[in-house]
Amino acid sequence: MTISRSRAKILSLVIILLCAGVCLFSLIQTHGKKEAAGSSWSAGRQNQAGGMQGAQKDAPQGAPSGTFNPAQSSNQESSSSSNQGSSSSSSHQFSPSPNQDSNSNASPYPNSNTDQGSPSNPVPNQDQSSNSEKKVTNESGDRWNKESGKSDDPNHKGGPSGQRGGHMGMQESSSSSYGSSVATYAVLFAALAILAYVIIRKKGCRIPSLNIKTWLWTVISAGILLRIALAPWLPGHPFDLALFKNWATSAASSLSDFYIKGSSDYPPFYVYILYIVGKLVSLPGWSSYSTLLIKLPSILADGATALLLYHASRKYVTAETGFLIALFYMFNPAVFINSTVWGQVDSFFTLWIVAAFYFMVNQRLNVATLLLTAAVLMKPQGIIYVPVLFFMLLRQRTIKAWLRAAGTFALTTLVVILPFSFGQSPLWLIHLYSSTLGEYPYASVNAYNFFALIGANYTKDASTWFVFSYHTWGMIFIVLTTLFSWWFILRTRNPLYAPLAGLLQIVGVFTFSTSMHERYLFPAAALALLAYGYLRDKRLLWLAGGFSFTIFLNTYDIFYHSTNGGASYSVSLFLTSAMNVLLFIYLAWIVWTHAKKIHVPSSDSIETSNPKEVIIDII
């Protein structure tokens, strides 16, 4: 049955209004439940003197009077779900304490992989002001001594001073009550995706082309609205959200002093986003939405990436195929658990990566340089994709292309770092990256890859394995992967293959390099879909599904099931790690076959005699 264009618009409007109603109801309920507790953000910000971020994060046992306490904020943010947790988990969840002042004994680091501040392992009330400059707080919120590489907590049982660490386990947190719901959604999504695949293969898929954009905007709008409705009720990762809120408060208080008075390990680009979040939360009535506002940039990036995937592939696949690519990404559980459940920023990072490769394909290398530079200035792992841009510049064979790229890189870097550079050493950014890259000297940091497969999760990367150290093996694999990508780019000589080379880079580095976290593979699903949109190789759809599966399993296992922050060697670790290794081998084979038998898709091949109605071509 074909739906007319007018009816399609009416149905689309009804769906969007229903989702908007659910979203509005959720926000009203959130504001009502958190109105009293949510005021701590603004109170902490008003009492904060000069954005003393380092003191906030290094406070040994509850933030001192006049500073923002990230745990207290998380306490109040988790109040909406605290009634669902049992009393046995109270030591792990941020239970609401509206009457708690800043001098309470609640630790800013809840019971986690470091066991800091838990009732069973209280952190001694020790003075750390004399050596605060030696402390660095990592992405997960752990406090390490830069010189010794050990945790400041004498009761620490994970991370650098132990055999395990990284992100805290969530099995007893207040968000664990949603774990079964998230898993159920993932199973239903997989079942529906397989069912759709079978139906499309047998009967095809017909959507009047005039309705495609209507349904596209409906899907993206509905996906964003439903995420916004759910985000405030999912407490997220306590450490990461507490630090993001802390950083947002410090940035909003004094952007130029963010690194001078603090010890954040995040590069500067995303600090601008946190600055906006901090300013918004300080507005009257907005403090109860702090968790939502922290998650909102990634939620919006999910929709933007889905839209970009559709737009990028539109010249090379049918409109239906582009629509289904966007639909698959928008409601992908691997994407949902990262941005909406965990509250991390990988979706925002992935948007910049996908956009960079989009402009590489369109041979606008200056824009691609700008986007990749911004990505590197947001997360150090953006460096993984830089070799592909380097190889694309080599293909230009003109000095002007290199000068323009160098100028774009220098100007972008200068604009981003300049507000933070006053009063800093000229090499402060290099020191920041050096410190960040050296924070996790392990073969694997909860990444289910080759090293996790052989039992080396949280094994020191200086340890020897088969002649060389893990670190040396990781560097060898990085070089081999990069050389393979270079050969592939030189062999194909077509910009359409750039996303496939980028996919090879991230999968190869994640699978066989050291110091990888569980979330570093996240952009692989989007890059696989982008590569399919250009190359129409159906095997890339299997890769997109496979990487979505392993990304979700790895993230879910660490978020809900890891104990003391480190993943034990389990069946899920073994199977997921083995699958990632096999998926890399399959990807390498796909890359090899494309290099040996080059086939460049033509946009003419998707035209049909009836331009208003086309049949999907993914099977």
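Helices whose angle is over 145 degrees count as roughly antiparallel. That cut-off comes up in some of the close-ups below, which all show a predicted model.

**View 1. The whole chain, before zooming in.** Here's the cast: the protein chain has 22 helices and six strands. It runs to 619 residues, and 60% of them count as buried. Look at contacts between residues at least 6 apart in sequence, and 78% turn out to join residues at least 24 apart.

**View 2. Helices H9 and H10 side by side.** H9 covers residues 290–313 and H10 covers residues 319–330. Their axes sit 8 Å apart, at an angle of about 160 degrees, so the two helices are roughly antiparallel. On the H9 side, the contact is made by Asp302, Gly303, Thr305, Ala306, Leu309, Tyr310 and Ser313. H10 brings Ala319, Gly322, Phe323, Ile325, Ala326, Tyr329 and Met330 to meet them. Sort these residues by class and you get nine nonpolar, four polar and one charged. As for handedness, H9 passes H10 in a right-handed crossing.

**View 3. Helices H5 and H21, from distant parts of the sequence numbering.** H5 spans residues 179–203, while H21 spans residues 539–561. They pack at about 170 degrees with 11 Å between their axes, which makes this pair roughly antiparallel. From H5, look for Gly179, Ser180, Val182, Ala183, Ala186 and Tyr197. Their partners on H21 are Trp542, Phe552, Tyr556 and Tyr560. No charged residues take part in this contact, just eight nonpolar and two polar ones.

**View 4. Leucine 553 on H21.** This leucine is part of helix H21. Its relative accessibility is 28%, so leucine 553 counts as partly exposed. Now find alanine 186: its C-alpha is 9.7 Å from that of leucine 553, even though 367 residues of sequence lie between the two positions.

**View 5. Helices H18 and H22 crossing.** The axes of H18 (residues 470–492) and H22 (residues 571–596) come within 9 Å and cross at roughly 30 degrees. This pair is therefore roughly parallel. H18 offers Phe484, Trp487, Phe488, Arg491 and Thr492 to the contact, and H22 answers with Ala588, Val591, Trp592, His594, Ala595 and Lys596. By class, that is seven nonpolar, two polar and two charged residues. The crossing here is left-handed.

**View 6. The two faces of helix H16.** In H16 (residues 428–437), the buried residues include Trp428, Leu429, Leu432, Tyr433 and Thr436. They span an arc of only 135 degrees around the axis, which puts them on the same side of H16. The helix repeat helps to make sense of this: an α-helix has 3.6 residues a turn, so residues three or four places apart point the same way. What do the buried residues of H16 pack against? They meet helix H13 (365–376) and helix H15 (399–421). Over on the face turned away from the buried side, you'll find the exposed residues Ile430 and Leu437.

**View 7. Threonine 413 and its contacts.** Threonine 413 belongs to helix H15. With a relative accessibility of 14%, threonine 413 counts as buried. Setting aside residues up to four places away in sequence, threonine 413 touches Thr373, Leu377 and Leu429. Leu429 may ring a bell, as one of the buried residues of H16.

**View 8. Leucine 453 meets a later stretch of the chain.** Leucine 453 lies in helix H17, which covers residues 450–453. Its C-alpha is 5.4 Å from the C-alpha of serine 577, a residue 124 places away along the chain. Which residues does leucine 453 contact, leaving aside its neighbours within four places in sequence? They are Tyr569, Phe574, Ser577, Ala578 and Val581.

**View 9. Two loop residues with positive phi.** Phenylalanine 466 sits in the loop between strand E4 (464–465) and strand E5 (468–469). Its phi is near 55 degrees, a positive value in a residue other than glycine. At 62% relative accessibility, phenylalanine 466 counts as exposed. Arginine 536 is in the loop between helix H20 (523–535) and H21, and phi of arginine 536 is near 55 degrees. Is arginine 536 buried, partly exposed or exposed? Its relative accessibility is 23%, so arginine 536 counts as partly exposed.

Conventions:
Residues are numbered from 1 along each chain as its sequence is written. This is a predicted model: local features need pLDDT of at least 70, side-chain atom pairs count only at pLDDT 80 or more; totals for chains, interfaces and linings use all residues. Side-chain values use heavy atoms; hydrogens and water are left out. Axes are lines fitted to C-alpha atoms, for helices over the stretch in contact, and angles run from 0 to 180 degrees between N-to-C directions. Helices (H or I, at least four residues) and strands (E, at least two) are DSSP runs, numbered from the N terminus. Angles under 35 degrees count as roughly parallel, over 145 as roughly antiparallel, 65 to 115 as roughly perpendicular and the rest as oblique. A crossing is left-handed if the near helix is turned anticlockwise from the far one by less than a right angle, and right-handed if clockwise. Contact means heavy atoms within 4.5 Å. Ala, Val, Leu, Ile, Met, Phe, Trp, Tyr, Cys and Pro count as nonpolar, Asp, Glu, Lys and Arg as charged, and the others, Gly among them, as polar. Buried means under 20% relative accessible area, exposed over 50%, partly exposed in between (1.4 Å probe, protein chains only). The arc is that of the directions from the helix axis to the C-beta atoms.
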